[in-house]
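Thanks for making the time this morning. I would like to walk through one model with you, beginning with its ligands and then turning to some details of the backbone.

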Amino acid sequence: MPAESVVHGACPHDCYDTCGLRVHAEDGVIRRIEGDPEHPLTRGFLCFKVNHYLERLHHPDRVLYPLRRSGPKGAGQFVRVSWQEAMAEIGGRLQSIISEHGGEAVLPYSFAGNMGLLAAGALDERLWNRIGASRLERTICTASGNAALRWVFGKTIGPDPETIPAARFVLLWGQNPMATNIHEIPLLDELRRSGGEVWTIDPLRTDTARRFDRHLQLDPGTDLALALGLGRALLASGRYDREFAEERSLGFDEYRRLCEPWTLARTAAVTSLGQDEIGALVERLASVRPLLVRPGYGVQRQQRSAAAVWAIAALSILTGSWRDVGGGLLMSNGGAFPLRSLAGPERKTRAVNMLQLGEALTSLGAPPIKALVVYSANPAATAPDQAQVLRGLRREDLLTLVHEQMMTDTAKYADYVLPAAMSMEVWDLHTSYWHRYIQLNRPAVPPPGEAVSNPEFFRRLARALSLDDPELQADDLALIERALATGHPWLEGITLGRLLKEPVQKLRLATDARPFVDTPVPLPEGRFRIMPPPEAAVEGSREGSRAPHLFHLLTPSSRETIKSTFGNMASMRRSHPVPELLMAEEDMRRLGLASGAKVRVENEHGAVELKAVASDVPRPGTVVSYAVRWNHEASGRNVNQLTSPQLADYGGGSTFYSAMVRVAAAD
Ligand SMILES: Nc1nc2c(c(=O)[nH]1)N[C@H]1C(S)=C(S)[C@@H](COP(=O)(O)OP(=O)(O)OC[C@H]3O[C@@H](n4cnc5c(=O)[nH]c(N)nc54)[C@H](O)[C@@H]3O)O[C@H]1N2
Ligand SMILES: Nc1nc2c(c(=O)[nH]1)N[C@H]1C(S)=C(S)[C@@H](COP(=O)(O)OP(=O)(O)OC[C@H]3O[C@@H](n4cnc5c(=O)[nH]c(N)nc54)[C@H](O)[C@@H]3O)O[C@H]1N2
Ligand code: SF4
Ligand SMILES: [Mo]
């Protein structure tokens, strides 16, 4: 590599924005990372986290060599070994597990630590399919919301975010872009400068809620009631889009029937909103266009996740919001990219829902899980029902491999830790679940120490299992070419050759093409399904049943981390040295707590100690702790001690934000 170079990168983290990066290197060392000024959504600026990225690249916790466990599980004691030794030992142990118990005794566990196409769903999946490993259902983040979207619309696609400035009313519903989608903010600011309004629906007074026009602070988990109440009011006044709701949709009568009980009075009582607030929102929905409904993933981490997303999606149809450029419903554009899957033929082996990892490790039989291979995820910190997960990871007879960049909570439980490269050190191709750009990520420097990319790790693992056929050894750039070569018109001219010259390519779909108006509804008869998914929990009510001594615990995203990633950065820990529990002052007074007091937070799943801080973010009855801090920086446990492995109503998604807890002074 030349002494000084600048290459294009794509931010690999699990974030809506998927920024374009300019990575500057000098003498083989990355010196500066900046936002690509030419990427139309990145606009040359980055977030707090990636502005401090040099700290992460060169962090003392970075794993640079293969390590073999030398102490008790979880103690983090390791000795350095060579790749050759590590892979020979691992290969031998995996082969004997597979021959004794079968391929399903191996469980992969991975998520979106790196969103690149090669980092996940490529050579890893090919290997899992080849050995017939248990299949991981990757449900931890968006499963229920996306399942509801696919039910209603047939796929997860929404308007292009570059049309946001054309909207005149935007409803941020369970989304906190000031923390999680910072490049959406300039687009929202722009529409307000031209007279539009932005409202927020969130149980917390977030920075987003503070920034914009009006905040409806409903009780957590009551979005379904609100959406049905809004639907009823629009139906009753006749101010809805008859063609969209009745002719272009299936199931209108059922939708109307389900809205019927939700009078303004009942909706207000269940959500704790005022009838006047709800009425003002009905007025906007009935009259202001373009109308953009912008749900975040916060609405679908409750028990009635799919039902809530269905009811919100139904409003986007009832209002005909899709007719206007700048309108519609934007939750995910993840389904917009017609790339070829690199996973190879899928074997129908046993499925394990990742939210039930603790149970899988401690009680699955026939066969039991004997080997766990973790990459691009940190389940010891991020999975629910943590006490059970840690119990599983402590099993002496479980072989745990962790391919990681950092000595994370999960890596500490590994039998072998294998060093992973960072995105600035490898090739990959990135899409986005928010915008419509495909980007080539080029390495700026080689990986340090003996770190390797995910595809290279899986090539080595395949060889260690004596599987060296070409599909398991495919080359990075050949894989990228294959993913792009689908012949789909939206990818026309987007080839590897083109990306090498111009690394940021927009899908060949006009910015102002209105989904489901200018493009078809990919469902039978080309019609939306405005009736709920069959299993969604629409009827029957648990709302308002909270016992008075319990608090509703929310653990949403923080500005300074992405889940556990960045949890070990000094820049983050300077402002929040220990994990906190934000509580309304009234609640603190009632419990006799001073701000800064140490509290014990517990429920039937586990317990954790946090620093209570008086705050106007939650309302009385709700408490907040931002997700998630590292366990070993927080007395060995974090808030996922308190979250449940229970699945949401439909789609197998999480219920992270349905946790009920007791809070008391810690002695
Ligand atoms: N309480 C609570 N818990 C939550 C949530 C919540 O809101 N509240 N949110 C949930 C959600 S939405 C999600 S998506 C999950 C995320 O949970 P995880 O999937 O565990 O994600 P991270 O904590 O970001 O951990 C990603 C890990 O991947 C590593 N990594 C990054 N790039 C690479 C790579 O290229 N190769 C390899 N091998 N490793 C890499 C990083 O170092 C990091 O340790 O957490 C869930 N957990
Ligand atoms: N800085 C940063 N950026 C991130 C992440 C991060 O951890 N940090 N995580 C990334 C990942 S993995 C994801 S999935 C996305 C998620 O990003 P978002 O889509 O913004 O979702 P969340 O952060 O889960 O929650 C958003 C809001 O939902 C609110 N909420 C909680 N319960 C309810 C409810 O019952 N109803 C309503 N209406 N609102 C509710 C929360 O208070 C929160 O303010 O962000 C990604 N970007
Ligand atoms: S984390 Fe998100 S906002 Fe920050 S640089 Fe990456 S993609 Fe952009
Ligand atoms: Mo997520």
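How do the residues of the shell around ligand 1 divide into nonpolar, polar and charged? They divide into 12 nonpolar, 13 polar and five charged residues. Before going on, let me say that this is a predicted model, and what I describe should be heard in that light.

Staying with ligand 1, there are 30 residues around this ligand, and those that come nearest are Thr 382, Glu 404, Asn 454, Ser 564 and Thr 565. As for where the shell comes from, domain 1, which is assigned as 67–134 + 349–422 + 448–486, and domain 3, assigned as 551–665, each contribute at least three residues to the shell around ligand 1.

For those of you who think in terms of atom pairs, a polar side-chain atom of Asn 114 sits 3.1 Å from an oxygen atom of ligand 1. The backbone takes part as well: a nitrogen atom of ligand 1 is 3.3 Å from a backbone N or O atom of Ser 376, and a polar backbone atom of Gly 113 is found 3.5 Å from a nitrogen atom of ligand 1. Taken alone, ligand 1 would expose 920 Å², and the protein buries 97% of that area.

Let me move to ligand 2. This ligand is surrounded by 36 residues, of which Tyr 16, Asp 202, Asp 223, Thr 561 and Tyr 657 are the closest. By class, the shell around ligand 2 holds 17 nonpolar, 12 polar and seven charged residues. Why does ligand 2 lie between domain 2 and domain 3? Because domain 2 (144–334 + 516–529) and domain 3 (551–665) both give residues to the shell around ligand 2.

Here too there are polar pairs to look at, and in each of the three that I will mention the ligand atom is an oxygen. A polar side-chain atom of Asp 202 lies 2.6 Å from an oxygen atom of ligand 2, a backbone N or O atom of Gly 221 is 2.7 Å from an oxygen atom of the ligand, and a backbone N or O atom of Gly 298 is 3.5 Å from an oxygen atom of the ligand. On its own, ligand 2 has 920 Å² of accessible area, of which the protein covers 99%.

Now to the protein itself, and to helix H7, residues 185–193, whose buried residues are Ile 185, Pro 186, Leu 187, Leu 188, Asp 189 and Leu 191. These buried residues pack against strand S8 (169–173), helix H6 (177–180), strand S9 (197–201) and helix H8 (207–211). Just after H7, Gly 195 adopts a positive phi of about 100 degrees.

Finally, some backbone geometry that I would ask you to inspect. The peptide bond from Arg 289 to Pro 290 is cis, with omega near -10 degrees, and Pro 290 belongs to the loop between helix H13 (275–287) and strand S12 (291–295). A cis peptide bond also joins Ala 366 and Pro 367, where omega is about -10 degrees, and Pro 367 is in the loop between helix H15 (357–363) and strand S15 (371–375).

Thr 18, although not a glycine, has a positive phi of about 30 degrees; this residue is in the loop between strand S1 (4–10) and strand S2 (20–26), and its relative accessible area is 6%, so Thr 18 is buried.

Terms used. Residues are numbered from 1 along each chain as its sequence is written. Chains are lettered from A and ligands numbered from 1 in the order in which they are written. This is a predicted model: local features need pLDDT of at least 70, side-chain atom pairs count only at pLDDT 80 or more; totals for chains, interfaces and linings use all residues. Side-chain values use heavy atoms; hydrogens and water are left out. A residue is near a molecule or strand if one of its heavy atoms lies within 4 Å of it. A polar contact is a pair of N or O atoms within 3.5 Å; within protein, one must be able to donate a hydrogen and the other to accept it, and residues adjacent in sequence count only if both atoms are side-chain atoms. Accessible areas come from the Shrake-Rupley method with a 1.4 Å probe; for residues, only the protein chains shown count as cover. Ala, Val, Leu, Ile, Met, Phe, Trp, Tyr, Cys and Pro count as nonpolar, Asp, Glu, Lys and Arg as charged, and the others, Gly among them, as polar. Domain bounds come from an automatic or database domain assignment. Buried means under 20% relative accessible area, exposed over 50%, partly exposed in between (1.4 Å probe, protein chains only). Helices (H or I, at least four residues) and strands (E, at least two) are DSSP runs, numbered from the N terminus. Contact means heavy atoms within 4.5 Å.
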